[in-house]
Amino acid sequence: MHGEYKVPGGKLVAVDLDVLDGRLSGVRLSGDFFLEPDDALDAIDAALTGLPADTDAADLAGRVRSALPRDAVLLGFTPEAVATTVRRAVGGATGWLDHDWQFVHAGPQDPMTHMALDEVLTREVSRGRRGPTLRVWEWASPAVVLGSFQSLANEVDGAAADRLGVQVVRRVSGGGAMFVEPGNTITYSVYAPGSLVEGLSFTESYAFLDDWVLVALGDLGIKAWYQPINDIATDQGKIAGAAQKRLADGTVLHHVTMSYDIDAAKMLQVLRIGREKLSGKGLASAAKRVDPLRRQTGLPREEVIDSMVATFRRQYGLTASELTQAELSAADELVRTKFATPEWVGRIP
């Protein structure tokens, strides 16, 4: 069995092993990390060999840590990363390059259609009718997107939203509310089989699925990092927030909204929670709290998107694709029966 795990912001860890009579056998750790002293590698292999194959990640990491000499230096990886890699090997995890990634970037669509498309495309990947896909969104109108478990009344000033023409929608994933306007955000979704995140905790999977974005931002001259659980930040402030939804078979929907530009005044009129977080701090604080990519890059939004997609393509490969008529029809039906209904939008009043 073979497993790999690219440590976010770190190095690649790989492990090859067998499972004999329910125990790990012939464990061989490798990677482009740095480790001193040299024989610490043999100590790690020996510590893992013979353990029950269902040993959890915490115990695996503990075994690795106990086996290391006191003066050991690990650069680019951790005992926890080794444990994750072992769990991925035993679980039959796949890597990014094991899949033929498809790319969808359609024209502007209304917010509720975007909500429905996320559910439809995740299920299409689950059923094997669509390959793993990266989709970049285009917004046709302003919206507040609620997390699945948020209270409508607590998060949104309905009167202000109506007055400003901001539609309120609810997505299938958890997390916090987003304020979006056409041209001011960069939103994308990754639809992937559960094998891609096999062996990763939910927290690890967030950083793992967006590690390419950190590389892409670096290509644009922005030093960014993942701020647990689900934010991408720089020393200038937050750039993006992520959210996830898993199907019963493990298929994962991972979507991210990045702030290219922001109308802080309008955002604070519509979002109640924003007022509380920024009470007494003024609009300058709002702009600092969510720092736009436009200011940090000085580039048009389209160039930022093109650069990001180019980074994904360079790392993992990417084939142009389109939404099928069946997918669009299924999304329309879901809008009618679910996402546009008061029962869904106001599921938590």
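The second largest pocket of this predicted model has a volume of about 390 Å³. Its lining takes in 17 residues, and the closest to the pocket centre are Glu4, Lys6, Leu12, Gly95 and Trp96. Where do the lining residues of this pocket come from? Strand 1 (2-6) and helix 13 (301-316) each supply at least two of them. Strand 1 gives the largest share, 5 residues. Both domains take part as well. At least three lining residues come from domain 1 (2-91), and at least three from domain 2 (96-346). The chemistry of the lining is mixed: 7 residues are nonpolar, 5 are polar and 5 are charged.

Turn next to the enclosed space. Rolling a probe the size of a water molecule over the atoms shows where empty space is left. With a threshold of 30 Å³ or more, the count is 1 cavity. About 50 Å³ of space lies in the largest cavity. Which residues line the largest cavity? They are Leu134, Val136, Ile186, Thr187, Tyr188, Trp212, Ile305, Met308 and Val309. Strand 7 (133-136), strand 11 (185-192) and helix 13 each supply at least two residues of this lining. Helix 13 also supplies at least two residues to the lining of the second largest pocket. In the cavity lining, 8 residues are nonpolar and 1 is polar. No charged residue is found there.

Now follow the aromatic rings. The structure holds 12 aromatic pairs. In one of them, Trp137 and Trp139 sit 5.2 Å apart, centre to centre. Their planes stand at 45°, and the pair is tilted. Both Trp137 and Trp139 are buried. Another pair joins Phe312 and Tyr316. Why is this pair edge-to-face? The ring planes of Phe312 and Tyr316 stand at 80°, over the 60 degrees that the term requires, so the pair is edge-to-face. The centres of these two rings are 5.2 Å apart. Phe312 and Tyr316 are 4 residues apart in helix 13, so about one helical turn separates them. Are Phe312 and Tyr316 buried or exposed? Phe312 has 0% relative accessibility and therefore counts as buried, since the limit is under 20%. Tyr316 is buried too, because its relative accessible area is 14%.

Phe312 and Tyr316 also belong to a cluster linked by ring pairs. The other members are Tyr5, Trp96, Trp101, Tyr188, Phe208 and Trp212. Some of these names have come up before. Trp96 is among the residues closest to the centre of the second largest pocket. Tyr188 and Trp212 both line the largest cavity.

Two acidic residues complete the tour. Asp211 lies in helix 8 (residues 211-219). Its relative accessible area is 7%, so Asp211 is buried. What does Asp211 touch, leaving out residues up to four places away in sequence? Its contacts are Lys6, Pro8 and Gly9. Lys6 is one of the residues closest to the centre of the second largest pocket.

Glu181 sits in the loop between strand 10 (178-180) and strand 11. Glu181 is buried, because its relative accessible area is 10%. Not counting residues up to four places away in sequence, Glu181 touches Pro142, Asp263 and Lys266. How many residues separate Glu181 and Asp263 in sequence? They are 82 residues apart. In space, the C-alpha to C-alpha distance between Glu181 and Asp263 is 8.7 Å.

Terms used:
Residues are numbered from 1 along each chain as its sequence is written. This is a predicted model: local features need pLDDT of at least 70, side-chain atom pairs count only at pLDDT 80 or more; totals for chains, interfaces and linings use all residues. Side-chain values use heavy atoms; hydrogens and water are left out. On a 1 Å grid over the protein atoms alone, a cavity is a set of points where a 1.4 Å probe fits but cannot get out, and a pocket is an open set with protein on both sides within 12 Å along at least five of seven lines; lining residues have an atom within 4 Å of a point. Grid points are joined across faces, edges and corners, and a volume is the space filled by probe spheres set on the points. Ala, Val, Leu, Ile, Met, Phe, Trp, Tyr, Cys and Pro count as nonpolar, Asp, Glu, Lys and Arg as charged, and the others, Gly among them, as polar. Domain bounds come from an automatic or database domain assignment. Buried means under 20% relative accessible area, exposed over 50%, partly exposed in between (1.4 Å probe, protein chains only). Contact means heavy atoms within 4.5 Å. Rings of Phe, Tyr and Trp (its six-membered ring) pair if their centres lie within 6.5 Å; planes under 30 degrees apart count as stacked, over 60 as edge-to-face and the rest as tilted.
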